Amino acid sequence: MKSNKQRRAEIKAHRLERAARRVAEQRLSAGERPVAGAGLVVADTALLAAHNNTYGLLPTFYVDKAFTCRDCGVGEVWTAKQQKWWYEVALGNINSTAVRCRACRLARRALLRSGAAAAQEGGRA
């Protein structure tokens, strides 16, 4: 016999599957069928559901997304492969998106590290 906690988890998983199927059917009926290519990667919905605590629907596939860098204003593309790594390997929040280009990310990271190093040195003196 299953505990109530196990049963609730089963019900939640079943509802998520049903909602994902419904969204996929709506996309297919609307003609929004994804075409396999370089800009499309299939998402691992089981992995996403395991670590994302969201009420929204989880993606069934990733598509290349264009964005403008917040710091320098250069147009960039956040590839589907990068999105898959961010959400499924690095376990990033499903609601987060890329906002900085690689060069600005590296520069910001170096600045933050130098500031942290300076703060540590100042504390030792």
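## The largest pocket

Fifteen is the number to start with: the largest pocket is lined by 15 residues, and Trp78, Trp86, Ala98, Arg100 and Arg105 lie nearest its centre. The elements that each give two or more residues to this lining are β4, α3 and α4. Please keep in mind that the model you are looking at is predicted.

How much space lies in the largest pocket? The value comes to about 450 Å³. Sorted by class, the lining has 8 nonpolar, 3 polar and 4 charged residues. Rolling a probe the size of a water molecule over the atoms shows where empty space is left.

## The overall layout

Stepping back from the pocket, the protein has 4 helices and 4 strands. Along the sequence they follow the pattern α-β-α-β-β-β-α-α. The protein has 125 residues, of which 18% count as buried.

What share of the contacts joins residues at least 24 apart? Among contacts between residues at least 6 apart in sequence, that share is 45%.

## Helix α3 and its two sides

Helix α3 spans residues 80-89, and it is one of the elements that give two or more residues to the pocket lining. Which residues of α3 are buried? They are Ala80, Gln83, Tyr87 and Glu88. Viewed down the helix axis, the buried residues of α3 fall within an arc of 100°, so they line one face of the helix. On the other side of α3, Lys81 and Val89 are exposed. The packing partners of the buried residues are β1 (40-42), α2 (45-51), β2 (61-63), β3 and β4.

Gln83 is a good residue to click on in this helix. Its relative accessibility is 1%, so Gln83 counts as buried. Leaving out residues up to four places away in sequence, Gln83 touches Tyr62, Val63, Asp64, Lys65 and Trp78. Trp78 is also one of the residues that lie nearest the centre of the largest pocket.

## Salt bridges

How many salt bridges does the model have? The count comes to 4. Side chains of opposite charge can pair when their charged atoms come close.

One of these bridges sits within helix α3, where Lys84 and Glu88 are 4 residues apart, about one turn of the helix. Their side chains meet at 2.8 Å, N to O. Are these two partners buried or exposed? Lys84 is partly exposed because its relative accessible area is 26%, while Glu88, with a relative accessible area of 8%, is buried.

Another bridge joins the side chains of Asp71 and Arg100, at 2.9 Å from N to O. This pair links distant parts of the chain, 29 residues apart: Asp71 is in the loop between β3 (65-68) and β4 (75-78), and Arg100 is in the loop between α3 and α4. Asp71 has a relative accessibility of 45% and therefore counts as partly exposed, whereas Arg100, at 15%, counts as buried. Arg100 may look familiar, being among the residues that lie nearest the centre of the largest pocket.

The side chains of Glu10 and Lys2 also meet in a salt bridge, with an N to O distance of 2.3 Å. Lys2 and Glu10 belong to a network of salt bridges that links them with Arg7. Both ends of the Glu10 and Lys2 pair count as partly exposed, since the relative accessibility is 34% for Glu10 and 48% for Lys2.

## Two loop residues to look at

Which residue with a positive phi follows α3? It is Leu91, with phi near 55°, a positive value in a residue other than glycine. Leu91 is found in the loop between α3 and α4 (102-124). With 46% relative accessibility, Leu91 counts as partly exposed.

Gly73 has its place in the loop between β3 and β4, the loop that also holds Asp71. Gly73 is partly exposed, with a relative accessible area of 46%. How far is the C-alpha atom of Gly73 from that of Val99? The two C-alpha atoms are separated by 9.9 Å, and the residues are 26 apart along the chain.

Conventions:
Residues numbered from 1 in each chain as written. Predicted model: local features only at pLDDT ≥ 70, side-chain atom pairs only at ≥ 80, totals over all residues. Heavy atoms only, no water. Buried < 20%, exposed > 50% of the residue type's maximum accessible area, 1.4 Å probe, protein only. Arc of directions from axis to C-beta. Contact = heavy atoms within 4.5 Å. 1 Å grid on protein atoms, 1.4 Å probe; cavity = no way out; pocket = protein on both sides within 12 Å on 5 of 7 lines; lining within 4 Å. Points joined across faces, edges and corners; volume = space filled by probe spheres on them. Nonpolar A, V, L, I, M, F, W, Y, C, P; charged D, E, K, R; others polar.
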